[in-house]
Amino acid sequence: MMLKHFAPTTDPVVSEYVEKIAYRLENALPGTRRIAVVVDQSGEEPPVLPDGTVVISERSILTAQDEAEFAGIVAHAMAHAALKRFSFPVIPLNGFENSPAYAPMKAMQRQVEIDADRRAVRAMIQSGFDPSAFVRYVARTQPDAARLGEMRWELSLWQPREYTQSGEFASIQKRLRAN
Ligand SMILES: [Zn+2]
């Protein structure tokens with residue numbers, strides 16, 4: 001794992017905020033609240049290190065439109081840690097997309113994401129974060145009909161309810177933009 005590229009955040013207010021979100025989610029995802037907050041990491045997917053540390057970047061706070069979307073990003077990563085099923089890239093390099101292993105690996109990769117998505121949706125509901133915000137986030141950033149269909153299915157299993165959000169997320173975003 002290329003830890004040297006992950007510079008830790010220098011703002012304790014930001015890391016405390018991320019910890020607080022993870023703390024709320026931890027009841028639904030026990031034993032997964034080992035969080036490292038970094039300035040940036042490449043790609044949409046927050047990595048989970050082999051020891052279960054979930055790496056959350058400041059950039060993902062800026063990518064999210066509200067607290068519930070950000071909670072979804074954290075919940076999805078914590079779900080990977082809880083399920084011990086980690087995201088992995090399947091890169092069509094050197095003609096790998098023509099290999100007989102490519103389609104099964106793509107299918108496996110998608111299933112790992114679907115399992116994490118559904119676990120994240122359940123954890124959000126149990127922790128009082130609006131799960132439809134995470135569906136919206138995935139639809140905007142990583143549109144995948146199969147993933148979205150499974151997330152909407154998971155959502156449909158649960159009683160709709162009202163969710164409230166704190167104003168804290170906006171102030172954290174403002175802080176990051178000013179840094
Ligand atoms: Zn994932």
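In this predicted model, Val13, Val14 and Tyr17 of helix α1 meet Glu168, Ile172, Arg175 and Leu176 of helix α7. Sorted by class, the residues of this contact are 5 nonpolar and 2 charged, with no polar ones. Helix α1 covers residues 12-26 and helix α7 covers residues 168-178; the two pack at an angle of about 145 degrees, and their axes lie 10 Å apart. The crossing of α1 and α7 is left-handed. A general feature of helices is handy when reading such lists: an α-helix has 3.6 residues a turn, so residues three or four places apart point the same way.

Helix α1 also has a second partner to look at, helix α3, which is formed by residues 67-83. The axes of α1 and α3 come within 10 Å and cross at roughly 60 degrees. Since angles of 65 to 115 degrees count as roughly perpendicular and those under 35 as roughly parallel, this crossing makes α1 oblique to α3. The crossing of α1 and α3 is right-handed. From α1, the contact draws on Ile21, Ala22 and Leu25, and from α3 on Phe70, Ala71, Val74, Ala75 and Met78. By class, this contact has 8 nonpolar residues, with no polar and no charged ones.

Helix α3 itself rewards a closer look. With 17 residues at 1.5 Å a residue, α3 should span 24 Å, and this agrees with its end C-alpha atoms, which are 24 Å apart. Of these 17 residues, 16 are buried, so α3 is largely enclosed by the rest of the structure. Just after α3 comes Lys84, which takes a positive phi of about 55 degrees.

Technical notes
Residues numbered from 1 in each chain as written. Predicted model: local features only at pLDDT ≥ 70, side-chain atom pairs only at ≥ 80, totals over all residues. Axes fitted to C-alpha atoms, helices over the stretch in contact; angles between N-to-C directions. Helix = DSSP H or I, 4+ residues; strand = E, 2+ residues; numbered from the N terminus. Left-handed = near helix turned anticlockwise from the far one by under 90°. Contact = placed C-beta atoms within 7 Å. Nonpolar A, V, L, I, M, F, W, Y, C, P; charged D, E, K, R; others polar. Parallel < 35°, antiparallel > 145°, perpendicular 65-115°, else oblique. Expected span 1.5 Å × (residues − 1). Buried ≥ 20, exposed ≤ 12 C-beta atoms within 10 Å, placed from the backbone.
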